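Here are some exercises to work through with the model open beside you. Try each task before reading the solution that follows.

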Amino acid sequence: MDTTAQTDHDPALTGEGADQAQALVYPRINCQDVNVFYSGKQAVFDVSLPVFDRSVTALIGPSGCGKSTFLRCLNRMNDTIDGAKVTGDIFMDGENINSPDVDPVLLRSRVGMVFQKPNPFPKSIYDNIAYGPRIHGLVDDRQELDAIVEKSLRRAGLWQEVKDRLTQPGTSLSGGQQQRLCIARAIAVRPEVILMDEPCSSLDPIATARIEELIDELRKRYCIVIVTHSMQQAARVSQRTAFFHLGHLVEMGDTDQIFTSPRERRTEDYITGRFG
Amino acid sequence: MADHIVSAFTDELDKIAADLMRMGGIVETMILDSCQAVDRNDKELAKDVISRDPSVDRLEEEVERQIVSLIARRQPMAHDLRSVFAALKTAGELERIGDLSKNIGKRTLMLDDAVPSMMRHGVARMARPVSLQLHSVLDAYATSNAETAKMVWESDDDIDQHYNSLFREMITYMIEDPRTIGAGAHMLFMAKNLERIGDHCTNIAEFIYFQITGEYLMPHERPKAPNTGV
C-alpha cells in the first residue's frame with residue numbers, strides 16, 4: 001500500500017495500520033429485512049445481507065430480480081422515485097440510513113454511485129471532479145481543490161491521460177475514460193462506500209479491463225458493491241457474491257464458493273446458463 | 001440436471017463424457033488382456049494390447065482439445081466447471097493406466113516361455129480386483145454416483161494388500177530357484193504397475209467425487225494398509 005493512503009484522511013481507514021484481513025470480516029453496511037415496493041408492487045423481499053468493508057460485493061441475477069433496486073437502497077436513491085417505498089433497516093456504522101434524521105444528500109456523499117452509462121456533467125474535466133468537494137465544502141482554497149482533483153484522477157487511473165487537458169469538457173473523453181472520470185468524481189468527496197450499477201456494460205473489453213483493474217485497486221480503500229450482468233466479471237472482481245432471483249436473495253457467499261460449488265439449485269442453474 | 005439454454009453447450013459436455021467413457025472402456029480391457037497374456041504366455045495378445053495404446057493417447061488429446069476449446073468459449077461455472085476439471089484430470093489418469101498396461105504387455109514379450117505358471121497366475125490374480133476398481137469408478141462417473149466413487153476411494157487398501165502378498169510370493173520363488181530371478185523381476189514390475197493403476201483409480205474417484213459434490217476427499221483420511229516396506 002502506498003504511503004498516501006496511510007496519511008490521507010479516509011474514514012475507511014480507522015487506526016494505524018488497519019489490518020486488511022480484519023477489515024474483511026467487518027461489515028460496513030448491515031441490511032436487515034429490506035423490502036422495496038414500487039406503487040404497491042413489491043420488488044424486493046426481506047433481503048438481509050452484510051456488506052463487508054474493503055472488499056467487493058457483487059450482486060448478480062437475471063433482469064428484474066431486484067439487484068439494482070436493492071443497490072439503490074444503499075444510498076436512498078429510491079427516495080427520488082415516486083411511489084417507491086423502502087422498509088427494513090440498513091445500518092451503516094450503527095446508524096439506520098432510512099431514519100428520517102439522515103440527510104440523503106450527505107448520505108450520498110458517503111455512499112457514492114457510478115451508473116451504467118457514463119454521465120459526466122457538461123463541464124470541464126476539472127469541474128467534474130471539483131463539483132462535489134466544492135458543494136460539500138470540503139476545501140478552503142484553490143490549491144487544496146487542485147490537490148483533490150489530481151488525487152482523485154490518479155486513483156481513478158486517469159491522471160496521465162487528462163492532466164494536460166483538464167479544461168476540456170468531460171464529454172470529450174472516450175466512453176471508458178468518461179466512466180473513470182465518473183469514478184474519480186465519486187471518490188473526490190471521500191466516500192466510504194462506492195456503488196456501481198453495471199459500470200462496464202457500455203464499454204469495450206479494453207475499457208472494461210481498465211475499470212476492473214481500478215475496482216481491484218479501489219477495494220483496498222473502499223467498500224464496493226457492484227451490480228453486473230457478467231458472471232465472469234463478478235467472478236473476477238468480487239470477493240463476495242449475492243444471487244438475487246424474483247426479488248429474493250437466494251444465496252450469498254464467497255465468490256469462489258458461489259462459482260465452483262453453489263449451495264442452491266437456483267444459483268447453480270443461473271450461473272451455468274440453465275434458466276429456462 | 002436441466003439442459004443448458006445453449007444446447008450446444010450440453011452437447012459438448014456430453015461428447016467429452018462419452019469420449020472419456022470410451023477411453024475408460026479401452027484401458028479396462030487393456031488391463032485384463034495384458035494380464036491374461038502373462039497368464040497364458042499369449043504373445044499375440046500382448047502385442048495386441050500394446051497396439052491399443054496409441055488410440056488411448058489420441059482420445060486423451062481429443063478430450064484435452066475439446067476442454068480447452070470449451071473453457072475458452074463457454075467459461076463453465078459451478079457443476080460444469082467441476083465436470084470439465086474432473087474430465088481433464090481423469091483423461092490424464094486413464095492415459096497413464098493405458099501406459100502401465102502397455103508396459104505389462106511389453107514385459108510379457110520379454111518373459112521366457114519356461115517361466116513357471118504359478119508365477120504367471122499370481123499377476124493374473126491381481127488383475128481382476130484392479131480392473132474392477134476401474135470398472136466401478138467409471139460406473140460412478142457414468143451414473144454420477146458419489147457414494148460409489150467414495151467406495152472405490154476407500155477400497156484401494158485391498159489392492160495394496162494384494163500387491164504386498166504378491167511381492168512376498170515372488171521373492172519366495174526367486175529364493176527357491178535363482179533361475180526365476182529375471183522373470184520374477186519382470187513380475188514385480190508388473191505387480192507394481194497394477195498397484196499404480198489402483199492408485200490412479202483412487203485419483204479418478206477423488207475427481208469424480210469433487211465433480212458430483214463440490215467437496216474434496218481428503219487423502220489423509222483414507223484408510224491405509226500397514227507399511228510393509230515395499
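## Exercise 1: Two hairpins

Strands 1 and 2 of chain A make a hairpin in which 2 residues lie between the strands, and A:Ser39 in the turn has a positive phi of about 45°. Keep in mind that this is a predicted model.

**Task.** Find how many bridges join strand 1 of chain A to strand 2 of chain A, then look at the hairpin of strand 4 and strand 5 of chain A and find the residue with a positive phi.

**Solution.**

Step 1. Strand 1 and strand 2 of chain A run antiparallel and are joined by 8 bridges.

Step 2. For one position in this pairing, take A:Val36, whose bridge partner in strand 2 of chain A is A:Val44.

Step 3. Move on to strand 4 and strand 5 of chain A, an antiparallel pair with 2 bridges. Here A:Phe91 stands opposite A:Asn96 in strand 5.

Step 4. This hairpin has 2 residues between its strands, and A:Asp93 takes a positive phi near 50°.

## Exercise 2: Assembling the sheet

**Task.** Work out the order of the 4 strands in the open sheet of chain A and name the edge strands.

**Solution.**

Step 1. Begin with strand 1 (residues 27-38) and strand 4 (residues 84-92) of chain A, which pair in the antiparallel sense over 8 bridges.

Step 2. Follow that pairing along the strands. A:Ile29 has A:Met92 as its bridge partner in strand 4 of chain A, A:Val36 has A:Val86, and A:Tyr38 stands opposite A:Ala84.

Step 3. Notice that A:Val36 also has a bridge partner in strand 2 of chain A, namely A:Val44.

Step 4. Put the pairings together: the open sheet has the order 2-1-4-5, with antiparallel pairing. Its edge strands are strand 2 (41-52) and strand 5 (95-96) of chain A, each of which pairs on one side only.

## Exercise 3: Where the chains meet

**Task.** Describe the interface of chain A and chain B, starting from how many residues each chain gives to the contact.

**Solution.**

Step 1. Count the residues: 14 come from chain A and 14 from chain B.

Step 2. Consider the area. About 1200 Å² is buried between the two chains, with carbon and sulfur atoms giving 55% of it. A:Gln232, A:Thr260 and A:Arg274 supply 42% of the area that chain A buries against chain B, more than any other three residues.

Step 3. Look for charged pairs. There is 1 salt bridge between chain A and chain B: A:Arg274 pairs with B:Asp80, with the closest N and O atoms 3.2 Å apart.

Step 4. Turn to polar contacts, for which 9 residue pairs are found across the interface.

Step 5. Locate the elements on the chain A side. Helix 10 (231-237), helix 11 (255-260) and helix 12 (265-271) of chain A are those that give two or more residues to the side touching chain B. The residues of that side divide into 6 nonpolar, 5 polar and 3 charged.

## Exercise 4: Reading the domain records

**Task.** Compare the helix and strand content of the domain spans that UniProt lists for chain A and chain B.

**Solution.**

Step 1. In chain A, the unreviewed UniProt entry lists "domain: ABC transporter" at residues 29-271. This span is 37% helix and 27% strand, and its end C-alpha atoms lie 26 Å apart.

Step 2. In chain B, the unreviewed UniProt entry places "domain: PhoU" at residues 20-107 and 124-207.

Step 3. Residues 20-107 of chain B are 94% helix and 0% strand, with end C-alpha atoms 27 Å apart. Residues 124-207 of chain B are 92% helix and 0% strand, with end C-alpha atoms 28 Å apart.

Terms used
Residues numbered from 1 in each chain as written. Chains lettered and ligands numbered in written order. Predicted model: local features only at pLDDT ≥ 70, side-chain atom pairs only at ≥ 80, totals over all residues. Heavy atoms only, no water. Contact = heavy atoms within 4.5 Å. Buried area = accessible area lost by both parts, 1.4 Å probe. Salt bridge = Lys/Arg side-chain N within 4 Å of Asp/Glu carboxyl O. Polar contact = N/O pair within 3.5 Å; in protein donor to acceptor, adjacent residues only side chain to side chain. Nonpolar A, V, L, I, M, F, W, Y, C, P; charged D, E, K, R; others polar. Pairing = 2+ DSSP bridges. UniProt positions renumbered as here; feature names shortened; annotations may be inferred.
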